[in-house]
Amino acid sequence: MERRSLVTVVTVVLGVGIMVAAWTLSRYGAYRSWFGGDAERGRALYAFHCAACHGPEGQGRVRGNATQLSNPDFLALASDEFLRVTIARGRRGTEMRGWARDAGGSLNRADIEDLVAFLRTWQRNVPIPPMPLLGRGDPTRGRKLYEAACANCHGWVGRGELGMGPAVTNPDLLAAADDAFLWATIAYGRRDTPMFPSLHGLSGVRQFNEQEINDVVAYLRSWQNKQ
Ligand code: HEC
Ligand code: HEC
């Protein structure tokens with residue numbers, strides 16, 4: 001008898017402990033980074049916090065330079081970590097503020113995981129285009145190419161041009177994006193946006209070779225620790 005009630009007490013205590021631990025984990029989003037966020041919850045958060053600028057369908061440019069988040073070329077290249085960090089920290093000096101609590105925003109980790117899961121529902125099965133070996137670029141040559149081909153939309157030193165193109169020398173973008181993201185975005189563009197492809201042979205106005213795109217990436221990178 002004695003033993004049996006002890007077992008009952010231990011079982012109840014363990015059960016309650018597990019429930020509290022699960023609740024705590026889910027509240028802080030730990031669960032979600034293991035098992036993926038809740039896209040339905042993310043949809044509601046998106047409608048409330050993000051749609052005013054990025055558009056209800058993620059079509060972009062409803063306000064200012066907010067980019068097209070439903071763009072399949074963008075989603076194919078952007079990692080979950082890129083999306084998480086961008087939402088959490090924002091892009092300083094632009095309208096994209098940081099949304100995490102420790103960046104002065106109102107969202108917790110679970111909210112951000114749910115938003116990432118929702119953005120992924122827009123992803124289509126677009127193969128990541130070939131990326132030839134990314135060699136070292138020459139930032140001085142890249143700067144000339146940039147000023148001739150990109151500055152009219154992205155601004156003379158890449159801080160963005162309202163209604164034309166987002167900031168591309170922004171330190172938060174450069175910290176979140178790897179060279180492959182930049183290279184492929186420049187080479188292949190983003191369909192149905194003014195960001196046309198730049199690689200020779202494609203339908204864009206620019207006809208850069210692969211090395212020239214390396215040079216432009218090196219030029220953008222040269223801003224990474226300057227602003
Ligand atoms: C006609 C205007 C225009 C030109 C010229 C142009 N871009 Fe863009 N670019 C855009 C727009 C608009 C976007 C955002 C597209 C979207 O909504 O997703 C963009 C997006 C980008 C991005 C992604 C930024 C991010 O926040 O993820 C990079 C990098 C970029 N452009 C680099 C370049 C470079 C380098 C050149 C020159 C070779 C160039 N662009 C030329 C308009 C332009
Ligand atoms: C006040 C307008 C505004 C709101 C609200 C806003 N954004 Fe943005 N967002 C922007 C702008 C503008 C940019 C591009 C910044 C630049 O110029 O580089 C951006 C960029 C981004 C990017 C990077 C996309 C890329 O092409 O690299 C992501 C991801 C993003 N926002 C997600 C969100 C999410 C999720 C929310 C809601 C929690 C949100 N944004 C709310 C204006 C906004």
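A residue counts as near a ligand here if its C-beta atom, placed from the backbone, lies within 6 Å of it. Keep in mind that everything below comes from a predicted model.

**Figure 1. Close-up of ligand 1 and the residues around it.** Ligand 1 has 26 residues around it, and the nearest are Thr67, Cys150, Cys153, Gly165 and Met195. Looking for the elements that chip in two or more residues? Those are α8 (139–149), α9 (151–154) and α11. Sorted by class, this shell holds 14 nonpolar, 10 polar and 2 charged residues. Both domain 1 (26–120) and domain 2 (139–221) take part, each with at least three residues.

**Figure 2. Close-up of ligand 2, sitting between the two domains.** Here, too, 26 residues make up the surroundings, with Cys50, Cys53, Thr67, Met96 and Pro166 the closest. Two or more residues of this shell come from α4 (51–54), and likewise from α6 (80–89). The class breakdown is 14 nonpolar, 9 polar and 3 charged. Ligand 2 lies between domain 1 (26–120) and domain 2 (139–221) because both of them give residues to its shell.

**Figure 3. Where domain 1 meets domain 2.** The domain assignment splits the protein into domain 1 (26–120) and domain 2 (139–221). Their centres, taken over C-alpha atoms, are 23 Å apart. Domain 1 puts 18 residues into the contact and domain 2 puts in 19. On the domain 1 side, α5 (72–77) and α6 supply at least two residues each. The top contributor on that side is α6, with 4 residues. As for chemistry, the domain 1 side that touches domain 2 has 4 nonpolar, 10 polar and 4 charged residues.

**Figure 4. Helix α11 crossing helix α12.** Zoom in on α11 (residues 179–188) and α12 (residues 210–221), and you'll find axes that come within 10 Å and cross at roughly 125°. That angle makes α11 oblique to α12, since angles of 65 to 115 degrees count as roughly perpendicular and those over 145 as roughly antiparallel. The crossing of the two helices is right-handed. From α11, the residues making the contact are Asp179, Leu182, Trp183, Ile186 and Ala187. Facing them from α12 are Ile213, Val216, Val217 and Leu220. By class, this helix pair meets through 8 nonpolar residues, no polar ones and 1 charged one.

Key: Residues numbered from 1 in each chain as written. Chains lettered and ligands numbered in written order. Predicted model: local features only at pLDDT ≥ 70, side-chain atom pairs only at ≥ 80, totals over all residues. Nonpolar A, V, L, I, M, F, W, Y, C, P; charged D, E, K, R; others polar. Domains from an automatic or database assignment. Axes fitted to C-alpha atoms, helices over the stretch in contact; angles between N-to-C directions. Parallel < 35°, antiparallel > 145°, perpendicular 65-115°, else oblique. Left-handed = near helix turned anticlockwise from the far one by under 90°. Contact = placed C-beta atoms within 7 Å.
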